[in-house]
Amino acid sequence: MEFGVTLQNFIDVYKDFISDGKNYMMLALISSFFVAALCGFLAKRLKQPLFLGYIFSGIISAVLQYCFRSYVDIDTTYSLDGALNALADIGVSLLLFSMGIEFSRKDIKPIWGVAVFGSLAQVVFTFFTAS
């Protein structure tokens, strides 16, 4: 009797674990948070802006999710697209929130006019070109 773990045993357990959509989303969420924490830590250690680490964590997480999804059945994969898009939207919102926290009024005051009018012009332009 052998108690060693082989790669095939690991893959079988992994497929059983993520065959349910809830377990897949839990694995996706945990891995994304772990990668974000690791990339944020590395960015701080390398004296880079924190949002640069978060952007790299988004790239790495996207690759990881693609690898995770390759083991899921095709029916489950299509039902999880909306959930993964929601997860991506939450990530972008948190990234923008953390960027907003880093700015002070003193930093924004010189570029206030350009930022407000530029963003309004972009919204109007996007509204009329998209419709």
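## A tour that starts at Phe127

Begin by selecting Phe127, which at 55% relative accessibility counts as exposed, and keep in mind throughout that the model on screen is a predicted one. Add Phe128 to the selection; with a relative accessibility of 59%, Phe128 counts as exposed too. A search of the whole structure for aromatic pairs returns 1. That pair is made by the rings of Phe127 and Phe128, whose centres lie 5.3 Å apart and whose planes meet at 75°, so the arrangement is edge-to-face.

Now colour the protein chain by confidence before going further. The average pLDDT is 76, and 68% of the residues score at least 70. Where is confidence lowest, and where is it highest? The lowest mean, 64, belongs to helix 1 (residues 7-18), while the highest, 89, belongs to helix 6 (residues 112-130).

Switch next to a cartoon view of the protein chain, in which 6 helices and 0 strands are present, giving the pattern α-α-α-α-α-α when read along the sequence. If you display contacts between residues at least 6 apart in sequence, 62% of them join residues at least 24 apart.

With a surface switched on, the exposed area of the protein chain comes to about 10400 Å², of which carbon and sulfur atoms supply 71%. Buried residues, by comparison, account for 19% of the 131 residues.

For a local view of that surface, select Phe34, Leu38, Phe41, Leu42 and Leu46, which form a nonpolar patch with about 550 Å² of accessible area together. One of these residues, Leu42, sits in helix 2 (residues 21-45), and its relative accessibility of 42% means that Leu42 counts as partly exposed.

Move on to Lys47, in the loop between helix 2 and helix 3. Although Lys47 is not a glycine, its phi is positive, at about 55°. Is the residue buried or exposed? Lys47 counts as exposed, because its relative accessibility is 75%.

From the loop, continue into helix 3 (residues 50-69) and select Ser61. With a relative accessible area of 9%, Ser61 falls under the 20% limit and is therefore buried. Which residues does Ser61 touch, once those up to four places away in sequence are set aside? The contacts of Ser61 are with Ser32 and Val35.

Follow the first of those names to Ser32, a residue of helix 2. Ser32 is likewise classed as buried, since its relative accessible area is 17%. Leaving out residues up to four places away in sequence, Ser32 touches Ser61 and Gln65, so that the contact between Ser32 and Ser61 can be reached from either residue.

End the tour at Leu64, which is found in helix 3 and which, with a relative accessible area of 28%, is partly exposed. To finish, draw a distance from the C-alpha of Leu64 to the C-alpha of Ser32: the two residues are 32 places apart in sequence, and the line between these atoms spans 8.5 Å in space.

Technical notes:
Residues are numbered from 1 along each chain as its sequence is written. This is a predicted model: local features need pLDDT of at least 70, side-chain atom pairs count only at pLDDT 80 or more; totals for chains, interfaces and linings use all residues. Side-chain values use heavy atoms; hydrogens and water are left out. Helices (H or I, at least four residues) and strands (E, at least two) are DSSP runs, numbered from the N terminus. Buried means under 20% relative accessible area, exposed over 50%, partly exposed in between (1.4 Å probe, protein chains only). Contact means heavy atoms within 4.5 Å. pLDDT is the predictor's confidence in each residue, from 0 to 100. Accessible areas come from the Shrake-Rupley method with a 1.4 Å probe; for residues, only the protein chains shown count as cover. Patches are made of residues with over 30% relative accessible area and no salt bridge: like charges are joined within 9 Å, nonpolar side chains (Val, Leu, Ile, Met, Phe, Trp, Tyr) within 5 Å. A salt bridge is a side-chain nitrogen of Lys or Arg within 4 Å of a carboxyl oxygen of Asp or Glu. Rings of Phe, Tyr and Trp (its six-membered ring) pair if their centres lie within 6.5 Å; planes under 30 degrees apart count as stacked, over 60 as edge-to-face and the rest as tilted.
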